[in-house]
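Colleague: I've just opened this one and would like to go through it with you. Mind if I start with the parts I should be wary of?

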Amino acid sequence: MGSCCLVGVIWKGTLYTANLGDSRAVIGSVTRSNKIVAEQLTREHNASKEEVRRELRSLHPEDSQIVVMKHGTWRIKGIIQVSRSIGDAYLKRPEFSFDPSFPRFHLPDPIRRPVLTAEPSVCSRVLQPNDKFLIFASDGLWEHLTNQEAVEIVHKSPRPGIARRLLKAALTEAARKREMRYKDLQKVEKGVRRFFHDDITVVVIFIDHELVGKNVTVPELSIKGFMDSVGPSNFRSFQHMP
């Protein structure tokens with residue numbers, strides 16, 4: 001199996017992010033007119049993006065099937081959308097491709113070189129006084145909310161439970177697209193809900209600049225995945241999130 005990963009570290013006023021797959025980090029900043037604006041910090045490694053398809057074709061010029069359209073979606077080898085991941089070993093080394101009795105992990109034609117990679121994209125950004133918060137979320141959130149919609153929800157809402165609020169907003173939009181109500185979507189079993197929306201994990205980190213450089217005990221990390229509750233954490237940082 002495979003997994004995506006998104007990591008962030010703040011060190012001496014600079015935010016460093018490493019992204020592997022199609023999760024996304026977005027920062028919310030306030031303008032002089034007190035309007036919130038969204039800035040995307042990471043690049044998704046997804047075959048739906050033209051630049052990713054170009055990259056794959058340049059790396060595999062001998063393979064005309066490196067990216068193909070399947071069921072209306074661009075997929076690598078007709079199988080997977082992300083071009084970088086942890087795991088998915090059968091797409092990285094030929095000896096990990098199973099026999100035909102395991103079609104999900106079988107490639108009919110052995111690969112000559114890794115189709116996927118586990119190398120993340122790393123970027124840095126010096127934090128500014130007008131930067132207010134960060135949103136780290138899996139692609140399930142961004143399928144239903146734009147960057148701007150997400151930062152506006154955070155900016156206008158109380159801090160406690162903000163990750164849950166973003167999750168609910170995304171699920172409400174997913175239900176609307178299927179001409180359903182949010183409450184009706186909640187009743188759908190989780191295994192079946194994958195036909196309505198992808199997994200959603202959200203982390204919101206508020207940036208209190210007056211506390212930068214101080215060791216602050218954080219009582220709670222606002223994190224939400226699907227509809228499972230998450231209790232207080234022992235997260236310690238110079239960020240403050242009441």
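Colleague: Over which residues does pLDDT stay under 50?

Modeller: Bear in mind that this is a predicted model. Mean pLDDT is 82, and 81% of the residues reach 70 or more. The low stretch still has 75 contacts beyond four places in sequence in the model. The residues where pLDDT stays under 50 are 222-242.

Colleague: OK, and the overall make-up: how many helices and strands are there?

Modeller: The protein has 242 residues, 42% of them buried. Among contacts between residues at least 6 apart, 59% join residues at least 24 apart. As for secondary structure, the count is 6 helices and 14 strands.

Colleague: Is Ser138 buried or exposed?

Modeller: Ser138 sits in the loop between strand S10 and helix H2. Its relative accessibility is 14%, and the cut-off for buried is under 20%. So Ser138 counts as buried.

Colleague: Which backbone nitrogen does the side chain of Ser138 reach?

Modeller: Beyond its neighbours within four places in sequence, Ser138 is in contact with Ser23, Asp199, Ile200 and Thr201. The side chain comes to 3.0 Å from one backbone nitrogen, that of Thr201.

Colleague: Now H4: what does it reach from its first C-alpha to its last?

Modeller: H4 runs over residues 162-177, which is 16 residues. Its buried residues include Leu166, Leu167, Ala170 and Leu171. At 1.5 Å a residue you'd expect 22 Å, and the model comes close to that, at 23 Å.

Colleague: And which residue just after H4 takes a positive phi?

Modeller: H4 ends at residue 177. Just after it, a phi of about 55° turns up, and the residue is Glu179.

Technical notes. Residues are numbered from 1 along each chain as its sequence is written. This is a predicted model: local features need pLDDT of at least 70, side-chain atom pairs count only at pLDDT 80 or more; totals for chains, interfaces and linings use all residues. Side-chain values use heavy atoms; hydrogens and water are left out. Helices (H or I, at least four residues) and strands (E, at least two) are DSSP runs, numbered from the N terminus. The expected span of a helix is 1.5 Å times one less than its number of residues. Buried means under 20% relative accessible area, exposed over 50%, partly exposed in between (1.4 Å probe, protein chains only). Contact means heavy atoms within 4.5 Å. pLDDT is the predictor's confidence in each residue, from 0 to 100. A polar contact is a pair of N or O atoms within 3.5 Å; within protein, one must be able to donate a hydrogen and the other to accept it, and residues adjacent in sequence count only if both atoms are side-chain atoms.
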